[in-house]
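Here is a short report for a first look at this structure. Keep the sequence and the model side by side while you read.

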Amino acid sequence: MKPFSNLQYAVTASRLANAVINRRELHKSIPPAPTWKLHDKSKFPQVKEITKKQVDQLERLGLVELNNEEGIKSLSEAIESANGLYVVETSTVKPLDTVLETMPLYLRVDEMNDGNCKKDVLKNAAKVEEDYFVAPPGNIPLKSTDKG
Amino acid sequence: MLSLPIREVLKHLKEGKITARDLIELCLKRSEKVKELNIFVTETGELARQQADDSSNRLKSGNEIGPLEGIPIGFKDNFCSNGIRTSCGSRMLANFIPPYHATMIEKTLNNGGVLLGKTNMDEFAMGAGSVDSASGPVRNPWKYKFKSRRHKNNQSEDSKGHVTDKEDDDWLITGGSSGGSAAAVASGVCFGAFGSDTGGSTRIPASFCGVTGLKPSYGRLSRHGLIPLVNSMDVPGIIGKTTEDVATILNCVSGLDLKDSTTLPGSYQPVNLQESIDVKKLHIGIPKEYHAPDTTEDVITTWGQIADMLDNAGAKVSQVSLPYTQYSIKVYSVLCCCEVASNMARYDGIEFGYRGTNEQSTEEMFASSRHHGFNDVVRGRIMAGNYFLLKENYERYFIQAQKIRRLISEDFQKVFKSGVNMLVTPTTINPALPYRYFMEEDNQTRCSQLDVFTQPSNLAGIPALTLPVSLSTDQLPIGIQILAPHLHDDKVLLLGNWIEQQVNFPFLNLDCLDEGV
């Protein structure tokens with residue numbers, strides 16, 4: 001096996017990308033250049049700045065913190081990318097929930113068929129008390145930005 | 001021995017040329033030699049030895065044996081394994097020990113297979129590189145400079161398996177998220193391995209590591225015990241060196257599972273690769289949208305060579321169009337984030353998983369558990385998913401994505417209805433990338449580049465196979481992807497098997513590592 005000497009090929013690869021491949025011998029069915037339609041991104045809905053209120057709302061919903069600029073930038077990028085879906089006309093299309101929508105699936109009889117696994121169920125909990133999971137006091141909304 | 005197909009290893013085992021125990025010792029030794037690749041999160045050596053001994057007894061007994069008798073198989077660390085830690089590549093589940101086996105593990109063991117270990121992966125299977133794991137990144141065995149080869153005489157004992165050395169980054173990624181499974185098969189550590197495939201997570205690493213990877217039809221294999229990422233797209237994936245090995249494993253694990261209501265009822269017809277496929281009768285479609293921006297020349301050239309090969313063998317090969325393909329990656333990304341936001345809600349630190357230290361209130365405790373338990377990627381996808389699911393955004397993003405999902409699925413149905421039997425496409429836009437280069441962009445960007453050709457079949461639920469067919473100008477494996485209509489998994493394997501016989505791909509052989517050390 002030849003030793004892996006340098007990382008030159010990554011550079012080569014990116015240089016070749018998008019180049020029209022002019023090989024005469026390329027099979028007639030293969031498009032010699034990328035075929036994607038180009039859309040004018042300026043016509044896409046613009047990503048509105050994410051407000052402090054929205055950040056708070058999302059943090060409360062997800063119970064994870066979007067605690068830095070990196071997180072907000074990443075969210076904006078995800079939204080920007082998703083905005084590209086506006087160009088597709090779908091007014092007469094029904095949403096697809098599952099690819100098995102037309103197939104009959106097995107439904108079991110609604111009867112209890114296992115149990116006696118209290119020990120198994122409890123053993124992965126960090127805190128238990130007399131066969132109960134333990135949670136801190138409830139009904140207190142998330143307030144701090146303290147990371148614990 | 002470690003480079004043989006399962007059929008031949010089984011023959012050796014049956015004839016008593018090697019015992020199942022000796023075989024597992026060989027695999028464990030190889031695993032030790034390639035430890036730097038960081039393939040396993042948890043290696044189950046002792047258990048594997050026990051299982052191998054049981055297997056030896058069954059082999060000796062002369063009774064009927066399973067099609068995987070004594071064969072070491074790896075499982076991605078998102079398949080629950082009874083009594084064995086299942087971390088999903090995350091701190092969140094670093095101490096999680098499931099009390100049951102995933103159906104895929106159960107069935108593999110019932111067929112004689114030996115569980116060798118739990119393989120490394122991107123955290124919660126969110127990634128295309130296998131670089132975002134709480135256990136560190138996985139390294140590709142192709143072109144890897146093993147320390148044992150580099151300093152043969154003064155091998156240092158510093159490697160603990162996990163990569164921490166930032167200077168030591170001159171190696172290739174395996175692709176993800178099932179990178180550990182693909183690297184395990186490629187380096188001869190095991191004869192087959194399970195990954196999972198939500199948007200390409202089995203096929204991308206299989207293609208980067210020069211092995212064969214199958215994403216079966218949705219509904220074919222049980223997801224019971226597979227930690228969910230995107231329920232409507234997740235499938236267990238199978239990685240093997242060859243199509244035959246993949247077919248052998250598929251036959252063992254397919255079919256209805258009462259514990260997964262999305263597995264399809266009806267009897268399963270095992271795939272038989274002895275049946276030959278009449279290429280002359282095939283109509284192969286080349287979907288023109290699979291020449292996506294940034295696809296490298298090597299990949300396109302390889303694609304053309306396979307088209308030529310099929311054409312020369314008498315198949316009808318024609319260009320077809322799947323017009324919604326270019327929106328697919330965005331649809332996938334929206335739906336993935338939405339299902340992630342919902343699926344990850346179970347991780348609150350109460351019943352299982354990491355429990356944060358903030359005990360002021362339930363919500364504070366949940367938040368601190370999730371802050372420490374999840375990496376940035378997981379948190380980012382939860383955030384984006386919740387954003388898309390907000391009342392004011394629900395129609396615009398989530399429903400719109402579900403609608404375009406139908407258009408993408410119909411693209412495939414139309415083209416198959418028009419008489420095309422199968423589609424042949426590249427698996428990825430480029431071969432394996434160097435780690436250093438890969439890390440220049442974030443997870444979101446990399447996924448949107450690497451999942452381009454793989455996720456449409458997840459959206460449509462159809463079977464997809466990748467097999468290695470050639471080497472790039474840099475001597476790295478290039479995979480080709482075959483797609484067929486839903487439940488025609490046998491077809492992709494039959495055509496894959498035919499192509500495999502034509503191309504004679506130079507599989508990686510690391511037997512050199514066993515010499516003289």
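## Chain B and its partner

UniProt places the feature "domain: Amidase", from an unreviewed entry, at residues 22–144 and 172–493 of chain B. UniProt positions follow the numbering used here, feature names are shortened, and annotations may be inferred rather than shown by experiment. This is a predicted model: local features need pLDDT of at least 70, side-chain atom pairs count only at pLDDT 80 or more, and totals for chains, interfaces and linings use all residues. Residues are numbered from 1 along each chain as its sequence is written, while chains are lettered from A and ligands numbered from 1 in the order in which they are written.

The two annotated spans are set out below.

| Span of chain B | Helix | Strand | End C-alpha atoms apart |
|---|---|---|---|
| residues 22–144 | 30% | 12% | 27 Å |
| residues 172–493 | 41% | 14% | 28 Å |

Chain B has 17 helices and 11 strands. Helices (H or I, at least four residues) and strands (E, at least two) are DSSP runs, numbered from the N terminus. The C-alpha atoms of chain B fill a box of roughly 70 × 65 × 50 Å along the principal axes. The radius of gyration of chain B is 22 Å, which agrees with the value near 24 Å for a compact globule of 517 residues. That radius is taken over C-alpha atoms, and the globule rule is 2.2 Å times the number of residues to the power 0.38.

Of the 517 residues of chain B, 64% count as buried (20 or more other C-beta atoms within 10 Å of the residue's own, with C-beta atoms placed from the backbone). Contacts (C-beta atoms, placed from the backbone, within 7 Å) are often long-range in sequence. Among those in chain B with a separation of 6 or more, 80% join residues 24 or more positions apart.Now for two helices in chain B. The axes of helix 2 (residues 20–33) and helix 3 (residues 45–61) of chain B come within 7 Å and cross at roughly 150 degrees. Axes are lines fitted to C-alpha atoms, for helices over the stretch in contact, and angles run from 0 to 180 degrees between N-to-C directions. Helix 2 and helix 3 of chain B are therefore roughly antiparallel (over 145 degrees). Residues of helix 2 of chain B in this contact include B:Leu23, B:Ile24 and B:Leu28, and those of helix 3 of chain B include B:Ala48, B:Ala52 and B:Leu59.

The contact between the chains takes 70 residues from chain A and 92 residues from chain B. Helix 3 of chain A gives the most to the side of chain A that touches chain B, with eight residues.

Note on methods:
Buried ≥ 20, exposed ≤ 12 C-beta atoms within 10 Å, placed from the backbone. Parallel < 35°, antiparallel > 145°, perpendicular 65-115°, else oblique.
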